[in-house]
Amino acid sequence: AYCENELELLAKKKAGTSKASMERAEIRNTLADIVLEVLTKKGASMTVSEMQLADEKLRVTENEEPISNQRITSICYSLVEDGKIINTKEKKKSYFSIA
């Protein structure tokens, strides 16, 4: 009976999505939308650093927390997997553009 109870508790824990993970997903989606917007406006390939210079929202969050280059790069690669943007590499630099 004890083991069954513990298994039920674990199942409940895995089934629920925490508030923090939902907030992180929302922030990630917002940043992805901004990346797409910046690339659409520019109409040319850009590095992550260039994107961050083009839009303040990709450098600092609303809470005044800096956004790392690696975080934006991660979002860009997820957009590449979704087929929304294209990644090209020139001289060890990654350039992203609208698909």
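This report walks through the core, one aromatic pair, a loop residue and the largest pocket of a predicted model.

**The nonpolar core**

The largest nonpolar core holds 18 residues. Among them, V35, M51, L58, I72 and C76 touch the most other members. Three elements give two or more residues to this core: α2, α3 and α4, the last spanning 69-81. Helix α2 supplies the largest share, with seven residues.

V35 shows how these parts meet. Leaving aside neighbours within four places in sequence, V35 is in contact with M51, L58, I72, C76 and L79.

**L39 in helix α2**

L39 lies in helix α2. Is L39 buried or exposed? L39 is buried, because its relative accessibility is 1% and the cut-off for buried is under 20%. Beyond its neighbours within four places in sequence, L39 is in contact with A44, M46, M51, I85, F96, S97 and I98. L53 sits 14 residues from L39 along the chain, and their C-alpha atoms are separated by 12 Å.

**The aromatic pair**

The model has one aromatic pair. Its members are Y77 and F96, with ring centres 5.4 Å apart. Why is the pair edge-to-face? The planes of the two rings stand at 80°, so the pair counts as edge-to-face; the cut-off for that class is over 60 degrees. The pair links distant parts of the chain. Y77 belongs to helix α4 and F96 to strand β2 (residues 93-98), and the two are 19 residues apart. Y77 is partly exposed, whereas F96 is buried. F96 is also one of the contacts of L39.

**T47 in a loop**

T47 is found in the loop between α2 (19-42) and α3 (48-54). T47 is nonetheless buried. Apart from neighbours within four places in sequence, T47 is in contact with K93, S94 and Y95.

The table sets out the accessibility of four residues discussed above.

| Residue | Relative accessible area | Class |
|---|---|---|
| L39 | 1% | buried |
| T47 | 10% | buried |
| Y77 | 29% | partly exposed |
| F96 | 1% | buried |

**The largest pocket**

How much space lies in the largest pocket? The volume is about 360 Å³. The pocket is lined by 13 residues, and I27, T61, E62, N63 and I67 are the closest to its centre. Helix α2 gives the most to this lining, with four residues. By type, the lining divides into six nonpolar, three polar and four charged residues.

Helix α2 thus recurs: α2 gives the largest share of the core and the most to the pocket lining.

Conventions: Residues are numbered from 1 along each chain as its sequence is written. This is a predicted model: local features need pLDDT of at least 70, side-chain atom pairs count only at pLDDT 80 or more; totals for chains, interfaces and linings use all residues. Side-chain values use heavy atoms; hydrogens and water are left out. Buried means under 20% relative accessible area, exposed over 50%, partly exposed in between (1.4 Å probe, protein chains only). Contact means heavy atoms within 4.5 Å. On a 1 Å grid over the protein atoms alone, a cavity is a set of points where a 1.4 Å probe fits but cannot get out, and a pocket is an open set with protein on both sides within 12 Å along at least five of seven lines; lining residues have an atom within 4 Å of a point. Grid points are joined across faces, edges and corners, and a volume is the space filled by probe spheres set on the points. Ala, Val, Leu, Ile, Met, Phe, Trp, Tyr, Cys and Pro count as nonpolar, Asp, Glu, Lys and Arg as charged, and the others, Gly among them, as polar. A nonpolar core is a set of buried Ala, Val, Leu, Ile, Met, Phe, Trp, Tyr and Cys residues joined through side-chain atoms within 4.5 Å. Rings of Phe, Tyr and Trp (its six-membered ring) pair if their centres lie within 6.5 Å; planes under 30 degrees apart count as stacked, over 60 as edge-to-face and the rest as tilted.
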